[in-house]
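The report below is meant to be read beside the sequence and the coordinates. It moves from salt bridges to strands, a helix, a loop residue and the contact between chains.

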Number of protein chains: 2
Amino acid sequence: MPERSSGGDDLFGPHNLPYGVFSTADEPGRRRLGVRIHDDVLDAGAAAHALGSPYEALLAADSLGPLMAAGRTAWRDVRRALTAWLSVPAHHAELRPFLHPLDAVTLHLPYEVADYVDFYSSEHHANNAGSIFRPGGVALTPNWKHLPVGYHGRAGTVVVSGTDVVRPMGQRKTPTAPQPVFGPSTKLDIEAEVGFVVGAPSRHSEPVPLAAFRDHVFGVCLLNDWSARDIQAWEGQPLGPFLAKSFATSVSAWVTPLEALDAARVAPPARSEPLLPYLDDAGDEEPGGLDLRMTVSINGEEVSRPPYATMYWTAAQQLAHMTINGASLRTGDLYGSGTVSGPARDERGSLLELTWDGEDPLVLPTGKRTYLEDGDEVTLTAWAPGPDGTKVGLGEVTGRVTPSPGL
Amino acid sequence: MPERSSGGDDLFGPHNLPYGVFSTADEPGRRRLGVRIHDDVLDAGAAAHALGSPYEALLAADSLGPLMAAGRTAWRDVRRALTAWLSVPAHHAELRPFLHPLDAVTLHLPYEVADYVDFYSSEHHANNAGSIFRPGGVALTPNWKHLPVGYHGRAGTVVVSGTDVVRPMGQRKTPTAPQPVFGPSTKLDIEAEVGFVVGAPSRHSEPVPLAAFRDHVFGVCLLNDWSARDIQAWEGQPLGPFLAKSFATSVSAWVTPLEALDAARVAPPARSEPLLPYLDDAGDEEPGGLDLRMTVSINGEEVSRPPYATMYWTAAQQLAHMTINGASLRTGDLYGSGTVSGPARDERGSLLELTWDGEDPLVLPTGKRTYLEDGDEVTLTAWAPGPDGTKVGLGEVTGRVTPSPGL
């Protein structure tokens, strides 16, 4: 079910206006660009046509791709136009035919994912995961405070919120077992992350500096990087995660424009190691952190409140690092922040950490949990401070675990 | 320069017929599907139209995508038609208007790369790389003989043969240095690989068994997985290669249909560990290995002859493993075999191995080489036994290193 605006806080008012792609029951094959306002979805292309907007070409599309590719000036201008339409009472009657109740539409993956990269930028998460995966070793690898560690994931299995997640099968082997065994993962986990969506491409062999972050990144979503910890522990050396992550990555259906989060900008944590110039954001005009307050719920029960503001590396640093070798960006590139975990136990963004690899189960109304059971539904939400005391909600990302079908 | 058919061996005769995408000087913006025959390129769409072929819709495209997506029966039928056209002398005059000399056309990346995965499936390479990167440790990680180790790479920086490769910048740090330093990579390397191109997609959550390999894989190319060893050594823990590889991956312009390699099928090496059933190819009807004989040249000087037939894991096993967790395939997915290295020193597929991380330089007419110098041009070629004593060439992949532009 799509989230509703809660109580007194309007998370999806005219200061937010996230973009998505929807279809309606009477025309299920026709995908349309939608803008969320409160608990309605504006058919942006139809509205642009009716209002004679110069942005009709960008808004009358079946994907966010054309708008994303159009660049920062277009993003600003289109957002201004939408804000004007949706804030001015005189327009309300005119727009009414183009508003669809949120719970009457189907939401789709709003753009084609080009490359998907996942970072590992929470110091608390990296410390926890390192302690669990490499007991007796150093939790943080020597590179961790010098560069945002990341890796490429599978773009073709990024799915929209609401898509069921089938428990993956695979190999696992504990260190003392003589041989690996095969079967459905017994350690299916989540990772609560924030996703950044690239709009404007960059040229091959031209790194994107910190200051150009907002020229390329179109918006923000929530992201659940489903992870099979048993598969991961066995396959991960020496080249990193592969099948433990590639079966599904869920993203929210709504992409919140970066501009909607301007009031949420905060300074990142103090860095304990000097940074190379291409990553050094000490002199940046605007702080690179974001005060996004996330929640993780399992079967409706809140189990964690990860604070994105505690992330060691910012999204601008991740982008600068990802391109410093000359790698180009394409419209639709998506990168995840890495699991967001705060210092407190109830701020951890994975079950790996929340249950310390199952040693200390969570007790939920639906039973004890070490890792996810079939039928469990996981939901991530987040909000950030908006202008003038408002709140800006990110679209939720939810997914239910279904049983492995076997071979 | 495109490779020419050499001496008495016709590597690109009617038993080969690889596919590519070309444009001509008089219409540089019009990309067309081409089929290579000897040192000519057949404009396949125009020929199909002139001959009234039922396959015109697949062949009159600006990419191999539609043909790749059409599936195995279509691949077979189109290949039969092309073989008939190009083998029957009566057709030659009719086809002449649609043949362009190879050196008069520009070749392009022939399909949009969806996801790119790179494996690590040569035992000799893994032993060499493990010994160099993890001295004192175990060269082969415990999982290596139980599953084909792999990871996702960057699809957006896959480039066609002939594209210059700009030396990447990045961080590096030797274990004893107090801090990382930044600059152009000082250890720019190659990896000689074979690439497999997925045509027909698969469904999410439905693993592709060994026996379905030929229903999904359209063809084969050569692949150079350019690698910055200094960046790799510093960034690679705990999540694997990232910027060390993502700046460029070169593929040949020609995709050789799997069917053209039927005569090259050979048994893979004996496996020294029992395989889980989804990877066990012992009872397969056709052997999973391929007798592809590769060469690596630097500035025209042959430095290695990697034998693909020595690979421990086959392409069918790699595909079965890649999807065993339910990950779906898309048209345009590309996966690399991993560096191909044979047991002999002059069969190694990377400079890391050929020079033992620079300890034992190669002596070339253009000077000593530990790693690549600016201006060096690297070319990979390969041929395989074809039917009736013929030879089947893969398209070469070549690239020249250009200097890092600095920041």
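A salt bridge is taken here as a side-chain nitrogen of Lys or Arg within 4 Å of a carboxyl oxygen of Asp or Glu. The model is a predicted one, and a search of the whole structure finds 50 salt bridges over all chains.

**Salt bridges**

By that criterion A:D262 forms a salt bridge with A:R214, the closest N and O atoms being 2.8 Å apart. Because A:D262 lies in the loop between β17 (256-257) and β18 of chain A while A:R214 lies in helix α7 (residues 213-216) of chain A, the pair ties together parts that are 48 residues apart in sequence. The two partners can also be described by their accessibility: A:D262 counts as partly exposed at 36% relative accessibility, whereas A:R214 is buried, with a relative accessible area of 11%.

A second pair within chain A joins two loops: A:D357 forms a salt bridge with A:K187, the closest N and O atoms being 3.1 Å apart. A:D357 lies in the loop between α11 (351-354) and β23 (362-364) of chain A and A:K187 in the loop between β11 (181-184) and β12 (188-189) of chain A, so this salt bridge ties together parts that are 170 residues apart in sequence. A:D357 counts as partly exposed at 27% relative accessibility, and A:K187 counts as partly exposed at 27% relative accessibility.

In chain B, the side chains of B:D225 and B:K245 meet in a salt bridge of 3.0 Å, N to O. B:D225 is in the loop between β14 (217-224) and β15 (227-228) of chain B and B:K245 is in helix α9 (residues 243-246) of chain B, 20 residues apart. B:D225 counts as buried at 1% relative accessibility, and B:K245 counts as buried at 8%. In chain A, a network of salt bridges links A:D189, A:E191, A:D225, A:R229 and A:K245.

**Strand pairing**

The table lists some of the strand pairs of chain A with their direction, their number of bridges and one pair of facing residues.

| Strand pair | Direction | Bridges | Facing residues |
|---|---|---|---|
| β1(A) (residues 19-24) and β2(A) (residues 27-37) | antiparallel | 5 bridges | A:T24 and A:E27 |
| β2(A) and β3(A) (residues 40-43) | antiparallel | 4 bridges | A:V35 and A:L42 |
| β6(A) and β7(A) (residues 150-153) | antiparallel | 4 bridges | A:V117 and A:H152 |
| β6(A) and β22(A) (residues 334-336) | parallel | 3 bridges | A:Y116 and A:L334 |
| β20(A) (residues 293-298) and β25(A) (residues 377-385) | antiparallel | 6 bridges | A:S297 and A:T379 |

A hairpin joins β1(A) to β2(A) through 2 residues; in the hairpin of β2(A) and β3(A), which also has 2 residues between the strands, A:H38 takes a positive phi near 50 degrees.

In a regular strand the side chains alternate between the two faces of the sheet. In strand β6 (residues 116-119) of chain A, A:Y116 and A:D118 point one way and A:V117 and A:F119 the other way, and all are buried.

An open sheet of 5 strands in chain A has the order β9-β26-β25-β20-β21, with mixed pairing. Its edge strands are β9 (165-166) and β21 (301-304) of chain A, each of which pairs on one side only.

**Helix α4 of chain A**

Helix α4 (residues 72-87) of chain A has 16 residues, which at 1.5 Å a residue should span 22 Å, and its end C-alpha atoms are 22 Å apart, which agrees. The buried residues of α4(A) are A:A74, A:W75, A:V78, A:R79, A:A81, A:L82, A:W85 and A:L86. These residues cover an arc of only 160 degrees around the axis, which puts them on the same side of α4(A).

**A buried loop residue**

Where is A:L279 placed? A:L279 is in the loop between β18 (265-266) and β19 (289-290) of chain A, and at 0% relative accessibility A:L279 counts as buried. Leaving aside neighbours within four places in sequence, A:L279 is in contact with residues including A:H146, A:P148, A:W313 and, from the other chain, B:Q171.

**The contact between chains A and B**

The contact takes 60 residues from chain A and 62 residues from chain B. Chain A and chain B bury about 5600 Å² between them, 60% of it on carbon and sulfur atoms. A:R154, A:L239 and A:F242 supply 14% of the area that chain A buries against chain B, more than any other three residues. Between the two chains there are 2 salt bridges, and B:R154 forms a salt bridge with A:D333, the closest N and O atoms being 3.0 Å apart.

Conventions
Residues are numbered from 1 along each chain as its sequence is written. Chains are lettered from A and ligands numbered from 1 in the order in which they are written. This is a predicted model: local features need pLDDT of at least 70, side-chain atom pairs count only at pLDDT 80 or more; totals for chains, interfaces and linings use all residues. Side-chain values use heavy atoms; hydrogens and water are left out. Two strands pair if DSSP finds at least two bridges between them. The expected span of a helix is 1.5 Å times one less than its number of residues. Buried means under 20% relative accessible area, exposed over 50%, partly exposed in between (1.4 Å probe, protein chains only). The arc is that of the directions from the helix axis to the C-beta atoms. Contact means heavy atoms within 4.5 Å. Buried area is the accessible area (1.4 Å probe) that two parts lose on being put together, summed over both.
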